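User: I'd like to go through the labels on this model and see what backs each one. Can you take me through them?

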Amino acid sequence: MSAAGTYTPKPGAAPLPRMIAAQAVLETKMLLRNGEQLLLTVVIPTLLLVLFSAVDIVDTGDGEAVDFLAPGILALAVMSTAFTGQAIATGFERRYGVLKRLGASPLPRWGLMAAKTLSVLVTEVLQIVLLTVIAFALGWSPHGNPFAVLLLLVLGTAAFSGLGLLMAGTLKAEATLAAANLVFLLLLMGGGVIVPLDKFPDAAQSVLGLLPISALSDGLRDVLQHGAGMPWGDLGILAVWAVAGLGAAARFFRWE
């Protein structure tokens, strides 16, 4: 017979890393089960990559179209998950009081944001693997410094996450839904993802080149298509957006 107290409950919160990991798993499952999110993060980038690689719609310069398009589509995938998807999901969680309830749980608020960030990173890894496989099947021949690519993706994720959380934490859910989708479409067309920036007027190029999607897509393209070294200019632009976006989100994000 067991000694007294052997099965006595031990109330209390789980260790913080375990709580963050569990919340990150939940966030990832919810994202992957959401049809609209899958359309945004997987279906649209895949269709754009296949369509514009197979059909000569846009003049992408010398070489294979997929060599120009693949880096831009990878940048689009980062934006779709870290900015658009996260902004919409977090905005509606805020509207329905989910964030307020989670904020009252043993998981601290910064831990919740860390779990959301981990979920974004896991989703991006899945996106990048899928898009890379498809791009290779279409004849993509990347080259360059893998560390530079990783640094661009990390800074791009930080920049778009900050902007997405800032939008979700300051606007109403319906406004966030409309604004996030509008920004996605505008940056898709004017961020150097599919249409080269040199196709725009000189004055517009100067402005568009400072956008985070332009810095990410151009930086990835310089490395993966042209074999450039570390694209410090693009990294600098992304770093500024990351610091500004995350700082503003931390200051102005409203949980209710």
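Analyst: Sure. Let's start with a cut-off: a salt bridge needs a side-chain nitrogen of Lys or Arg within 4 Å of a carboxyl oxygen of Asp or Glu. With that rule, Glu27, Glu93 and Lys116 are linked in a network of salt bridges. Keep in mind that this is a predicted model.

User: What makes Lys116 and Glu27 a salt bridge?

Analyst: Their closest N and O atoms are 3.3 Å apart, and the limit is 4 Å, so the pair counts. Lys116 sits in helix α5 and Glu27 in helix α1, 89 residues apart. Both Lys116 and Glu27 are buried.

User: How do you know that Arg95 and Glu174 tie together distant parts of the sequence?

Analyst: Arg95 belongs to helix α3 and Glu174 to helix α7, so their pairing joins parts 79 residues apart in sequence. The closest N and O atoms of this salt bridge are 2.5 Å apart.

User: Why is Arg95 called partly exposed?

Analyst: Its relative accessible area is 46%. Buried means under 20% and exposed means over 50%, so a value in between is partly exposed. Glu174, at 41%, gets that label too.

User: And what about Arg221 and Asp218, are they buried or partly exposed?

Analyst: Arg221 comes in at 5%, so it counts as buried, while Asp218 at 25% counts as partly exposed. Their side chains meet in a salt bridge, 3.4 Å from N to O. They're three residues apart in helix α9, so about one helical turn separates them. Arg221 also has its charged end over the ring of Phe68, 3.8 Å from the ring centre.

User: Why is the pair of Phe83 and Phe160 called tilted?

Analyst: The planes are at 55°. Under 30 degrees would be stacked and over 60 edge-to-face, so the rest, this angle included, is tilted. The ring centres are 6.5 Å apart, and pairing needs them within 6.5 Å, so the rings qualify. The whole structure has four aromatic pairs.

User: How do you know that these two rings are buried?

Analyst: Phe83 has a relative accessible area of 5% and Phe160 has 1%; the cut-off is under 20%, so both are buried. Phe160 is also among the residues with the most contacts inside the largest nonpolar core, which has 47 residues. Helix α3 gives the largest share of that core, 16 residues.

User: What makes Leu32 eligible for a nonpolar surface patch?

Analyst: Leu32 has 36% relative accessible area, and a patch residue needs over 30%, so it clears the bar. Together with Val122 and Leu126, Leu32 makes a patch of about 240 Å².

Technical notes: Residues numbered from 1 in each chain as written. Predicted model: local features only at pLDDT ≥ 70, side-chain atom pairs only at ≥ 80, totals over all residues. Heavy atoms only, no water. Patch = residues over 30% accessible without salt bridge, like charges linked within 9 Å, V, L, I, M, F, W, Y side chains within 5 Å. Areas by Shrake-Rupley, 256 points an atom, 1.4 Å probe, with all protein chains shown as cover. Buried < 20%, exposed > 50% of the residue type's maximum accessible area, 1.4 Å probe, protein only. Phe/Tyr/Trp six-rings, centres within 6.5 Å; stacked < 30°, edge-to-face > 60°. Lys NZ or Arg CZ within 6 Å of the ring centre and 35° of its normal. Core = buried A, V, L, I, M, F, W, Y, C linked by side-chain atoms within 4.5 Å. Helix = DSSP H or I, 4+ residues; strand = E, 2+ residues; numbered from the N terminus.
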